[in-house]
Structures are given as C-alpha cells and as structure tokens.
Amino acid sequence: MLSDDLFKRASRLFPGGVNSPVRFYEPYPTYFSRASGSRIFDVEGKEYLDFCMGFGVNFAGYSNTTIAEEIMYLLDNTIPEGVPTENEIELGEIIQKAVPSIEKMRFTNSGTEATMHAIRLARAFTGRKLILKMNAGFHGAHDYVLVSAGSGALNFGTPSSPGIPEEVAKTVLVGDFNNEESIRELFKLHGKDIAAVITEPVLGNLGVIGPEKGFLKFLREITEEYGALLIFDEVITGFRFRYGAYQDIIGVKPDLTTMGKIIGGGMPVGLFGGRADIMNRISPEGNVYQSGTFSANPFTVASGLATLNFLKDKDYEYTISLATWVEEKLKSFSDLGVQVNRVYNMFTIFFNEERVWNYETALKSDRKKFMKFFNFSKKHGIYFSPGQFEASFVGMAHTPEEVEMAVFKMVYTLEFDMNEDRNEREQVSINSN
Ligand SMILES: Cc1ncc(COP(=O)(O)O)c(C=O)c1O
Ligand SMILES: NCC(=O)CCC(=O)O
C-alpha cells in the first residue's frame, strides 16, 4: 500500500485527503499505520523518529505497556457513557491537586470545546461581550477564536475563517503576544467591555515562542485592573514541562485554564476549570449551559488516569535536557540559517535570520524552506510537525541515542540537503579535481 494511492482514496472522502488541515502537505501526506515508543511507522513500513507526537498528545510515548495495562484494568468493568463515575472524580482530583488554580472543572472532548465553554462562561460571568486574543494564538476551531488564528489557519492563509458571522468576529479583539503596548491600547479603548483575555502562556501555534519577561504578569495585572478574566490555554503546556501547569512555573494565576492533549493520554479530551465562584455558574449549579455525550467518557478517563499515574513520578528534566541538547547542538553551528526556539521540552526550528519572539518576526520565517527541511528530514527518518508554525516535542520515550542521531541528521540536512548552491559548488570542485 502506498501513500499516493491512499491519498487518492482519501481525497474522494475527506477535503484535502485529511481529517484536519495541519496533517496535509504537498504533494500528499504520508499515511501511517502504527506507532511505538517514540517511533511512528508509515503504511510502507518505514520507521520515523517522531517529534510531532500527535501534535503534543503522546508525551508518555506510544503503545506504552504500563499505561495500556492500567487502561485495561480501569475498563474491566466498562461503565456506560452518560453517567457519573468514580474514575472521573479521581482524574479530576489529580488535576485539581496538580494545578491549584483549578478549583472546579468540567471535562470536554477536545481543546476546542474547552476554550469555547471557557469563553462563554467568562462572558456570562462578567456580563461583557469582548474577548481579547493574541494574533496567531490558536485555541481550536470554533467561531470565537478563528479570528487571526495560528497553526494551520495561518499556514494555509485563512487566519480568519469565512463562515464566521461578522457580528461574532467583531467581539474578538486581537493583540500581540509579547507586546504590552498593543494590549494596553485595546484596554484603553474597550476595557470596560472586555470579558477575558485568552492566551497560550507559551505560544505553540506560531511555532514555539516563550513569553518575554513580565509579559504574563502584565496580563494578570491589566485584566485585574479592568475587571476582565484571564484565561490560560494550557492545552499544549498542561502536564508537559512539569506534573502540573506552566502557570505555576511562572507564578501567574489565571482565573480559568483550559487543558487537553496529554491529560487524555491519546483519547479525545479537553478540560476547562478555575475559580470555583466562576465555575459555579455552569449548569446545573448555575445557568451557563455546557454539556457533552462523551464528556468524561470511560475510555478517555481511563486513558487519562493511566497516563497521569504513569507520569506522576517521572523525571521531566530528562525530556527537557534532551530538547536542550537539540537546541544547543544546532546553535553550535552558527551558519545553519535557522533560529531554534525552545521552551523546556518543546521547540521550533525557524528558517529566519532574526530572533523570533513575536508575530512580526515569526512571519518573516521562510515557510517553503521549512517544508523542504521537513521533507528531507522525513527522508532521513525524522518526522516533525508539518508546518513552520507548529511545535515539535520531546517526550518520555525519546532516548539520548536516537535524539543524538536525529540531531546529526538535522545538521546534515541543514548543511547539505538544503544548501543546493553549496552542493553544486562541491560537485564542481570534485569533478574538476
Ligand atoms: C493551544 C491550543 N488550544 C486549543 C487547541 C484545540 O484543541 P483540539 O484540537 O483538541 O480541539 C489546540 C490544538 O489544536 C491548541 O494547541
Ligand atoms: N497545533 C495544531 C494542532 O494541534 C491540531 C492537531 C490536529 O488537528 O491534528
């Protein structure tokens, strides 16, 4: 079975042959059939070291037998959907303990749902309409947040999607991450109508961009000053850098937090939670409606519990040191023409001459070059998230040996595969000798 054949079949079913745009790249995406540890296997049996890891889902590694056994154990008396269970309480308690700002929570089926409900709740709680998000911040694919969005929305040239009523789009203000002035201006103009600021505390969907010193604290202060809520979207960062949230590393406490990805251990998941007085507005305790047939379904809950139990006493430093090594090694070659942005164990290789620290500098990156790098790396058996504006991840299953080999191949790709002029020059000099 070949990927181009599958692409033809898939294209008759799915727009672009895929079920999410970020999975598509020219001329057609490679189709996969299996995964184990840090590796994924395509339909032709070729093996790749994976730095995409399901866009950050599979932090504990694929086909982890300890986790699989616990899932089976937890599912032994499979409980039907649509009823409350003890396991969901246990998973909630683990998260509540690890993230103190989450006093109360609700599970959802995706990060998209989580941010949608958190935003509705913030509007209801404050009685205000406007939301302030960051340019190229990505919070899923619903109407409130597909305005100047990042990830595939930016990559495919539709950061603000058609189909969203103008009336809705107008309720979304867009500021710039790491630019206090842009946020202050918006508050000066609209402060009393802003229900919430929503941001990823570390941007992952414009590529990885960490907060400049003081920026998140500034967001906390200005939201408090104007009586708006602060929502941290930790769908990517939750349980990734430590057993808990990024907010407790930087010491900035949001009112609401959203999570997803890792906490479902590979099953569809999302969560929104935060201050009890705000969460108590959710139905049936309050009057803000939110529901879901599959919310906290037994499979997700079992998978999430097994994963968080597995990660409980794991050494997060291990993953961080491997990612640091990737960064330092690539930086030691000064003429590779790339910027390596790393925050703990996630990173992006930007094809950019300048330091990438905000929207403007990120947009100067050469997306075509990135895809060239992606394709060469794939040939060498390394799989990155397919897009300049995505994050790559080091997880618990990556080994020092395979990361070392991968870095060697990355340097080779950047030095030789990418550099056709140099290849030609060398070819000429070899031929003339
Ligand atoms: C920061 C962030 N928020 C929300 C989402 C949406 O999550 P999901 O794809 O599970 O709907 C994503 C990922 O797509 C994300 O990266
Ligand atoms: N950063 C964007 C995503 O994580 C989306 C994943 C997907 O839709 O497959």
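Two strands are said to pair if DSSP finds at least two bridges between them, and with that definition in hand the main sheet of this predicted model can be read from one side to the other. It is an open sheet of 7 strands, in the order S4-S10-S9-S8-S7-S5-S6, and its pairing is mixed. At the edges lie strand S4 (104-108) and strand S6 (172-175), each of which pairs on one side only. From one strand to the next, the twist averages 20 degrees.

One pair within this sheet can be followed in detail. Strand S5 (residues 130-134) and strand S7 (residues 194-199) run in the parallel sense and are joined over 4 bridges, and in this pairing Lys133 stands opposite Ile198 in S7. Helix H5 packs on the sheet, where it touches S4, S5, S7, strand S8 (229-233), strand S9 (256-260) and strand S10 (270-274), and the direction of H5 makes about 170 degrees with that of S9.

Helix H5 (residues 111-126) leads on to ligand 1, since the helix gives 3 residues to the shell around that ligand, the largest share. The residues around ligand 1 number 15, and those that come nearest are Ser110, Gly111, Thr112, Gly140 and Val235. Sorted by class, this shell holds 3 nonpolar, 10 polar and 2 charged residues.

Two of the residues just named, Gly111 and Val235, are also touched by Lys261, whose contacts beyond four places in sequence further include Gly56, Val57 and Ile236. Lys261 has its place in the loop between S9 and S10, and an unreviewed UniProt entry annotates this residue as "modified residue: N6-(pyridoxal phosphate)lysine". Is Lys261 buried or exposed? Lys261 counts as buried because 26 other C-beta atoms lie within 10 Å, where the cut-off for a buried residue is 20 or more.

The same reasoning can be applied to Asp50, which is found in strand S3 (residues 47-50). Asp50 is buried because it has 27 other C-beta atoms within 10 Å. When neighbours within four places in sequence are left aside, Asp50 is in contact with Ser38, Arg39, Ile40 and Tyr383. Asp50 and Gly61, which are 11 residues apart in sequence, lie 9.9 Å apart in space from C-alpha to C-alpha.

Finally, there is ligand 2, which is surrounded by Ser20, Val22, Arg23, Phe55, Phe138, Ser151, Asn205 and Glu390. By class, the shell around ligand 2 is made up of 3 nonpolar, 3 polar and 2 charged residues.

Methods: Residues are numbered from 1 along each chain as its sequence is written. Chains are lettered from A and ligands numbered from 1 in the order in which they are written. This is a predicted model: local features need pLDDT of at least 70, side-chain atom pairs count only at pLDDT 80 or more; totals for chains, interfaces and linings use all residues. Helices (H or I, at least four residues) and strands (E, at least two) are DSSP runs, numbered from the N terminus. A residue is buried if 20 or more other C-beta atoms lie within 10 Å of its own, exposed if 12 or fewer, and partly exposed in between; C-beta atoms are placed from the backbone. Two residues are in contact if their C-beta atoms, placed from the backbone, lie within 7 Å. A residue is near a molecule or strand if its C-beta atom, placed from the backbone, lies within 6 Å of it. Ala, Val, Leu, Ile, Met, Phe, Trp, Tyr, Cys and Pro count as nonpolar, Asp, Glu, Lys and Arg as charged, and the others, Gly among them, as polar. Axes are lines fitted to C-alpha atoms, for helices over the stretch in contact, and angles run from 0 to 180 degrees between N-to-C directions. UniProt positions are given in the numbering used here, feature names are shortened, and annotations may be inferred rather than shown by experiment.
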